Amino acid sequence: MAITIPGKYYETYKAALPIMREAATDPITKQFDQKLYDILQGIAYTESRFNPNAVSPAGAKGLMQFMPGTAAFWKVNPNDIASSIHGSAKYMRHLLKLFNGNYEYAVRAYNWGEGNMKAYLKTGL
């Protein structure tokens, strides 16, 4: 994935990549999922530009931009890079199961909320 990281967060980017590789490896089968790895990088870039202290106007926090309720549910510390990345991978796996392996729906649900995505798919609105 070719992305440009702001110099200020380049060290976070470098530190995050091996954690993302580990998080994208299935804990049971030990199979690496390149697509999940790429998505984790995309989430971190899009949501926070690899700023581990980012806070969105809606209240999402950290590198992977967890809302407080989602962070609590998935037992993620959004201020901890490793916790945030592993939590994001776990949440994405859940969303992929929920949306029958559809990466587009899973990524949209990550950003928009799974309830909103379910409602959209049901009503089209």
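These are my notebook entries on helix packing and pockets in this structure.

**Entry 1: the model.** I note at the outset that the model is predicted.

**Entry 2: α2 against α5.** I looked up how helix α2, residues 34–48, lies against helix α5, residues 103–112. Their axes come within 12 Å and cross at roughly 30°. Angles under 35 degrees count as roughly parallel, and α2 and α5 are therefore roughly parallel to each other. I recorded the crossing of these two helices as right-handed. On the α2 side, the contact is made by Lys35, Leu36, Ile39, Ile43 and Glu47. On the α5 side, I found Tyr103, Val107, Tyr110 and Asn111. By class, the residues of this contact are six nonpolar, one polar and two charged.

**Entry 3: α4 against α5.** I turned next to α4, which spans residues 81–98. α4 packs on α5 at an angle of about 125°, and the two axes are 9 Å apart. The pair is therefore oblique. I noted that α4 passes α5 in a right-handed crossing. From α4, the residues in contact are Ser88, Tyr91, Met92, Leu95 and Leu96. From α5, they are Tyr103, Ala106, Val107, Ala109 and Tyr110. I counted the classes in the contact of α4 with α5 as nine nonpolar, one polar and no charged residues. Tyr103, Val107 and Tyr110 of α5 meet α4, and Tyr103, Val107 and Tyr110 also meet α2.

**Entry 4: α5 against α6.** I then followed the chain to helix α6, residues 114–123. α5 and α6 pack at an angle of about 125°, with 7 Å between their axes. I therefore entered α5 and α6 as oblique to each other. Tyr105, Arg108, Ala109 and Trp112 are the residues that α5 brings to this contact. α6 brings Glu114, Asn116, Met117, Tyr120 and Leu121. The residues of the contact of α5 with α6 divide into six nonpolar, one polar and two charged. Ala109 meets α6 here, and Ala109 is also listed in the contact with α4.

**Entry 5: the largest pocket.** I asked which residues lie nearest the centre of the largest pocket. They are Ala60, Gln65, Met67, Tyr110 and Asn111, out of 13 residues that line the pocket. I recorded about 200 Å³ of space in the largest pocket. α5 gives the most to the lining, with three residues. The lining divides into seven nonpolar, five polar and one charged. Tyr110 and Asn111 had already appeared in my entry on α2, as residues of α5 that meet that helix.

**Entry 6: the second largest pocket.** I recorded a volume of about 170 Å³ for the second largest pocket. The residues that line this pocket are Glu22, Ala23, Thr25, Asp26, Pro27, Lys30, His86, Ala89, Lys90 and Arg93. I asked which elements give two or more residues to its lining. They are α1, residues 10–23, and α4. α4 gives the most, with four residues. By class, the lining of the second largest pocket holds three nonpolar, two polar and five charged residues.

**Entry 7: recapitulation.** I close with the two helices that recur in these notes. α5 meets α2, α4 and α6, and α5 gives the most to the lining of the largest pocket. α4, in turn, gives the most to the lining of the second largest pocket.

Technical notes. Residues are numbered from 1 along each chain as its sequence is written. This is a predicted model: local features need pLDDT of at least 70, side-chain atom pairs count only at pLDDT 80 or more; totals for chains, interfaces and linings use all residues. Side-chain values use heavy atoms; hydrogens and water are left out. Axes are lines fitted to C-alpha atoms, for helices over the stretch in contact, and angles run from 0 to 180 degrees between N-to-C directions. Angles under 35 degrees count as roughly parallel, over 145 as roughly antiparallel, 65 to 115 as roughly perpendicular and the rest as oblique. A crossing is left-handed if the near helix is turned anticlockwise from the far one by less than a right angle, and right-handed if clockwise. Contact means heavy atoms within 4.5 Å. Ala, Val, Leu, Ile, Met, Phe, Trp, Tyr, Cys and Pro count as nonpolar, Asp, Glu, Lys and Arg as charged, and the others, Gly among them, as polar. On a 1 Å grid over the protein atoms alone, a cavity is a set of points where a 1.4 Å probe fits but cannot get out, and a pocket is an open set with protein on both sides within 12 Å along at least five of seven lines; lining residues have an atom within 4 Å of a point. Grid points are joined across faces, edges and corners, and a volume is the space filled by probe spheres set on the points.
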